[in-house]
Amino acid sequence: MATSAEGAVAILGSGLIGQSWAMLFAGGGFQVKLYDIEQQQITNALENIRKQMKLLEQSGSLKGTLSVDQQLSLISGCSNIAEAVEGAMHIQECVPENLELKKKVFAQLDGIVDDRAILSSSSSCLLPSKLFAGLIHVKQCIVAHPVNPPYYVPLVELVPHPETAPATIDRTHVLMKKIGQSPVRLLREIDGFVLNRLQYAIISEAWRLVEEGIVSPGDLDLVMSDGLGMRYAFIGPLETMHLNAEGMASYCDRYSEGMKRVLRTFGPIPEFAGATVEKVNQAMCRKVPDDPGHLAARRQWRDDCLMRLAKLKSQVQPQ
Ligand code: NAI
């Protein structure tokens, strides 16, 4: 394996997210050790990464300044956790979303690492106060939650434990920027972090509108993909408010009463069960049958779209 001037990173868990992190870190010029408890999984992951990176090169979407072969030479597999993390300045945990399993992995790391390495979890929804409870190296611990597929959707939510050192957050922020991701800091932990809280608010109202027969499932999705989503790929809801009037104060002045009136009509949390599941499922399956082949093809199409959108964003928004 090549050595890197940027430093070394260890990835624990070589599934979907571990592979994406490995590609992103190699793109940033980091030496990557990919660890897993399953040797066969490491072999498959390395092969998959090789294939994906070759395709990215062909489509002109490979990240970073290094060639595909240089990037691939930075990534190696490792079936021993102590060897994987030795010399690593950043350790990114990507094992399945199971609190007990993750706690076990962090307890193991706690006994191996020195005071310098950052211990970062990819967890989608486990709170840092639960994940890192009782660790000696808790100051070095943070959640860095990526969004699928991380190679095309750059957001990373940085969520601290109450005892995480500010330097840990700053270093992780710098590192994420360095590999081309878009980190956001949560100032303290909250269930669902920010992305999923927003996502669940949208899903919740979408579900109620379909359940109440206001709009069909297909048209509901169009409201997002051909409406709100078009601008949300470039500006968020707060900037949307700012631009949709003569600034934020003017927006609140003009629209707050209307917003509050509509918000008061929102219903309770849906059950996500019963006849509405059947109704939404039928509509979704007419568009994308839910067998593995159709689902995989549609995901591939989605990822291709996201790749093109990422390219467009990099052209219109100088980093
Ligand atoms: P996955 O199931 O694809 O991969 C998990 C990998 O961890 C497997 O290769 C498994 O062999 C390995 N593993 C299991 N126990 C291990 C251990 N003790 N030590 C080392 N490796 C071990 O899971 P995926 O989707 O990659 O998710 C990983 C993490 O990323 C989860 O916390 C998940 O919530 C989070 N995440 C997932 C997203 C997604 O869309 N899949 C998006 C954002 C975060």
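In the predicted model, a backbone N or O atom of Leu16 is placed 3.2 Å from an oxygen atom of the ligand. Side chains take part in further contacts of this kind: an N or O atom in the side chain of Asp36 lies 2.7 Å from a ligand oxygen atom, and for the side chain of Lys102 the corresponding distance between an N or O atom and an oxygen atom of the ligand is 2.6 Å. Taken alone, the ligand exposes 840 Å², of which the protein buries 78%. Two or more residues are contributed to the shell around the ligand by each of helix H1 (16–27), helix H5 (99–110) and strand E6 (141–146), and the largest share, three residues, is that of H5. In total, 23 residues surround the ligand, the closest being Ile17, Asp36, Glu97, Lys102 and Ser124.

With respect to the overall organisation of the protein chain, the domain assignment gives domain 1, covering residues 8–185, and domain 2, covering residues 194–287. The centres of domain 1 and domain 2, taken over C-alpha atoms, are separated by 33 Å.

A nonpolar surface patch of about 410 Å² is formed by Tyr255, Met259, Val262, Leu263 and Phe266. Of these residues, Val262 belongs to helix H11, which spans residues 248–263. Val262 has a relative accessible area of 40% and is therefore classed as partly exposed, a value that also satisfies the requirement of over 30% relative accessible area for residues that make up a patch.

How values were computed:
Residues are numbered from 1 along each chain as its sequence is written. This is a predicted model: local features need pLDDT of at least 70, side-chain atom pairs count only at pLDDT 80 or more; totals for chains, interfaces and linings use all residues. Side-chain values use heavy atoms; hydrogens and water are left out. Patches are made of residues with over 30% relative accessible area and no salt bridge: like charges are joined within 9 Å, nonpolar side chains (Val, Leu, Ile, Met, Phe, Trp, Tyr) within 5 Å. Accessible areas come from the Shrake-Rupley method with a 1.4 Å probe; for residues, only the protein chains shown count as cover. A salt bridge is a side-chain nitrogen of Lys or Arg within 4 Å of a carboxyl oxygen of Asp or Glu. Helices (H or I, at least four residues) and strands (E, at least two) are DSSP runs, numbered from the N terminus. Buried means under 20% relative accessible area, exposed over 50%, partly exposed in between (1.4 Å probe, protein chains only). Domain bounds come from an automatic or database domain assignment. A residue is near a molecule or strand if one of its heavy atoms lies within 4 Å of it. A polar contact is a pair of N or O atoms within 3.5 Å; within protein, one must be able to donate a hydrogen and the other to accept it, and residues adjacent in sequence count only if both atoms are side-chain atoms.
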